[in-house]
Amino acid sequence: MKKLALALTLFMLNLPAATPDAAELHRMAARFAPADMRVDLSSLSQADRKALVKLVQAARVLDGLFLEQRWSGNLALYEQLKKDKTPLGAARLQYFWLNKGPWSEIDDHRAFLADVPPKNLPGGNFYPAGMTRDEFEAWSAKLPPDRRKAATGFFHVIRRDEKGQLKEVPYSQEYRAPLEKCAALLREAAALTPNVTLKKFLESRAAAFLSNEYYASDVAWMDLDAPIDITIGPYETYNDELFGYKAAFEAYVNIRDDQETAKLKFLAAHLQEIENNLPIDPKFRNPKLGALAPIRVVNQVLSAGDGAHGVQTAAYNLPNDEQVVAEKGAKRVMLKNVQQAKFDKTLVPIAGLVLSASDRRDLSFDSFFTHIVAHEISHGIGPHQIQVDGRATSVRKELKNFYSAIEEAKADITGLFMLQYLFDRRLMPGDERKLYTTYLASAFRSVRFGVHEAHGKGMALQFNYLMDKGAIVSHPDGTFSIDFSKIKSAVRDLTHDLLTLEAMGDAAAAKSMLDRLAVVRPVLQQALDKLAAIPVDIAPRNITASEVAPE
Ligand code: ZN
């Protein structure tokens with residue numbers, strides 16, 4: 001799983017009813033700031049560099065495959081747009097490629113071209129046009145168990161036979177030509193790389209593309225530990241809005257970031273110590289933390305297919321297959337250079353409007369990214385399995401629909417607590433001013449995406465709590481700052497309050513805290529209003545990918 005269910009209506013332009021002209025398309029595209037993506041390949045062996053060329057080529061195959069999965073008319077439309085050399089044609093092609101289809105994702109998926117469905121089809125091209133939910137359910141209910149599993153599974157499309165009856169068709173058959181091409185490139189890369197775990201993943205994934213059996217290659221992906229870190233295959237089901245069954249093809253070709261990986265190992269090694277010092281009643285601390293789910297920090301050379309449209313993915317958790325997750329767990333991959341590009345193109349200009357000139361000097365990508373890593377690790381500490389009235393239960397079960405927002409706020413604030421703990425004991429070099437000032441600026445970025453989903457809600461809660469404690473201060477000129485005499489104790493207090501609420505499984509307290517604090521108060525709204533012209537996200541230009549494997 002990766003994407004936030006972003007409430008992007010904030011960023012919608014008031015589109016005229018007619019299809020947009022070139023100027024309008026440029027305005028729409030400008031909400032995504034162009035960002036050059038370069039990755040240092042100097043740590044790669046010569047053999048791995050050659051393998052990388054094949055992997056970039058393999059990833060590009062999935063762009064076409066994904067276009068086909070979204071809509072049956074998509075590939076033909078793409079070919080037609082490429083032929084139109086007028087300025088309007090170029091603007092259409094650019095915005096089509098950014099969205100991987102004729103619908104503008106951040107404008108509620110409205111069409112920006114004529115002669116296409118007015119909105120993206122809920123079933124994409126995974127089901128036959130015109131099939132209803134009822135028809136599918138009536139048909140699949142009567143199937144024998146193994147066929148029903150395929151029909152409702154990740155890796156079969158639904159088509160009609162000669163008689164008009166529904167039937168399930170494996171991806172390996174439906175997408176045979178592109179998958180054969182992709183598999184051949186993966187095998188070539190496997191033959192080139194000296195890394196055993198990469199070789200194993202690539203060979204088993206190539207086999208899966210042709211056999212439609214993905215289990216073994218998902219397991220091999222969990223074991224992947226190599227300088228080239230690749231994710232490629234059918235994964236997320238967000239494009240199947242009808243049922244959420246069908247996986248879309250995507251690829252991320254990445255290079256492992258060894259420096260950040262070392263930082264992660266360091267944090268993981270201190271996790272029990274931090275748990276033992278959490279600002280809560282000692283009886284709520286866990287004397288023996290379980291193993292941390294694996295996290296990889298990488299730099300992205302190229303993303304493709306479902307991994308490259310609309311708002312760009314900055315981190316993902318995979319696989320989604322529950323059988324693999326039950327046996328091997330899941331892995332989180334964080335795309336550092338994508339975060340850096342988002343930081344440069346959106347957070348820096350946001351800071352220009354909400355921080356004073358002197359505070360802006362303390363805005364730091366290193367602090368931003370270290371806090372994101374600390375956030376992820378913080379999900380692994382604090383109460384999870386709890387006792388309520390003598391009953392064994394979990395925080396998630398007790399807090400129900402309040403859980404996600406509370407847990408996201410907890411991960412942010414406990415992440416700050418964790419870093420401060422390590423700074424104070426000189427276990428980690430760090431700069432408090434940079435940490436808290438960068439955190440303050442990023443609060444506006446999170447809340448900007450709306451308080452309808454967990455991250456935005458969790459951030460509004462923190463922002464208001466810290467303002468009420470005087471740790472965040474608003475100024476008459478519309479800027480905000482941290483009061484460094486108050487921030488540490490306020491962070492400690494909020495960490496205490498959220499962790500205690502979780503330890504008690506107290507849903508009523510969670511609700512009242514969210515009702516009171518997870519809101520956009522006028523002072524915050526005024527600040528958000530100033531940010532309207534700042535880009536929503538980035539449009540990556542994959543410079544390194546183009547250099548190693550020219551298109
Ligand atoms: Zn989180």
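This is a short walk through one predicted model, covering its zinc site, ring contacts, salt bridges and cavity.

Okay, let's start with the metal. Which residues hold the zinc ion? The protein donors are His375 and His379, each through NE2, plus Glu408 through OE. They lie 2.1 to 2.2 Å from the zinc. If you want to find them along the chain, the spacing of the donors reads H-x3-H-x28-E. And is histidine 375 buried or exposed? Buried, because its relative accessibility is 8%, and the cut-off for buried is under 20%.

Next, the aromatic rings. There are 27 aromatic pairs in the model. One I'd like you to pull up is tyrosine 252 with tyrosine 316, which is stacked, with 4.4 Å between the ring centres and 25° between the planes. Where do these two sit in the fold? Tyrosine 252 is in strand 7, residues 249–256, and tyrosine 316 is in strand 9, residues 315–318, so this pair ties together parts of the chain that are 64 residues apart in sequence. Both of those tyrosines are buried, by the way.

Then there's a cluster of rings joined through ring pairs: Phe154, Phe155, Tyr171, Tyr175, Phe209, Tyr214 and Phe249. Hang on to Phe154, Phe155 and Tyr214 from that group, as they come back when we get to the cavity.

A couple of rings also have a lysine over them. Lysine 331 lies over the face of tryptophan 221, at 4.0 Å from the ring centre. Lysine 336 does something similar with phenylalanine 369: its charged end sits over the ring, 5.9 Å from the centre.

Lysine 336 takes us to the salt bridges, since it also belongs to a salt-bridge network with Asp257, Glu260, Lys263 and Asp366. Over the whole structure the search turns up 33 salt bridges, and I'll show you three of them.

First up, glutamate 79 and lysine 82, where the closest N and O atoms are 3.4 Å apart. Why are they about one helical turn from each other? Because they are three residues apart in helix 3, which covers residues 74–83. Glutamate 79 is partly exposed, at 38% relative accessible area, and lysine 82 is partly exposed too, at 32%.

Now look at helix 5, residues 133–141. Here glutamate 137 bridges to arginine 133, with the closest N and O atoms 3.8 Å apart. These two are four residues apart in the helix, so again about one helical turn separates them. Glutamate 137 counts as partly exposed at 39%, and arginine 133 is partly exposed at 41%.

My third example is aspartate 483 with lysine 486, and there the closest N and O atoms are 3.9 Å apart. Aspartate 483 has 22% relative accessibility, so it counts as partly exposed; the cut-off for buried is under 20%. Lysine 486, at 37%, is partly exposed as well.

Last stop, the cavity. How many cavities of 30 Å³ or more does the search find? One, with a volume of about 70 Å³. Its lining includes Phe154, Phe155 and Tyr214, which are the residues I asked you to hang on to from the ring cluster. Also in the lining are Arg205, Asp218, Pro234, Tyr235, Pro319, Asn320 and Asp321.

That's my tour, thanks.

Notes
Residues numbered from 1 in each chain as written. Predicted model: local features only at pLDDT ≥ 70, side-chain atom pairs only at ≥ 80, totals over all residues. Heavy atoms only, no water. Donors = N, O, S within 2.8 Å, 3.2 Å for Na, K, Ca; no water. Buried < 20%, exposed > 50% of the residue type's maximum accessible area, 1.4 Å probe, protein only. Phe/Tyr/Trp six-rings, centres within 6.5 Å; stacked < 30°, edge-to-face > 60°. Lys NZ or Arg CZ within 6 Å of the ring centre and 35° of its normal. Salt bridge = Lys/Arg side-chain N within 4 Å of Asp/Glu carboxyl O. 1 Å grid on protein atoms, 1.4 Å probe; cavity = no way out; pocket = protein on both sides within 12 Å on 5 of 7 lines; lining within 4 Å. Points joined across faces, edges and corners; volume = space filled by probe spheres on them.
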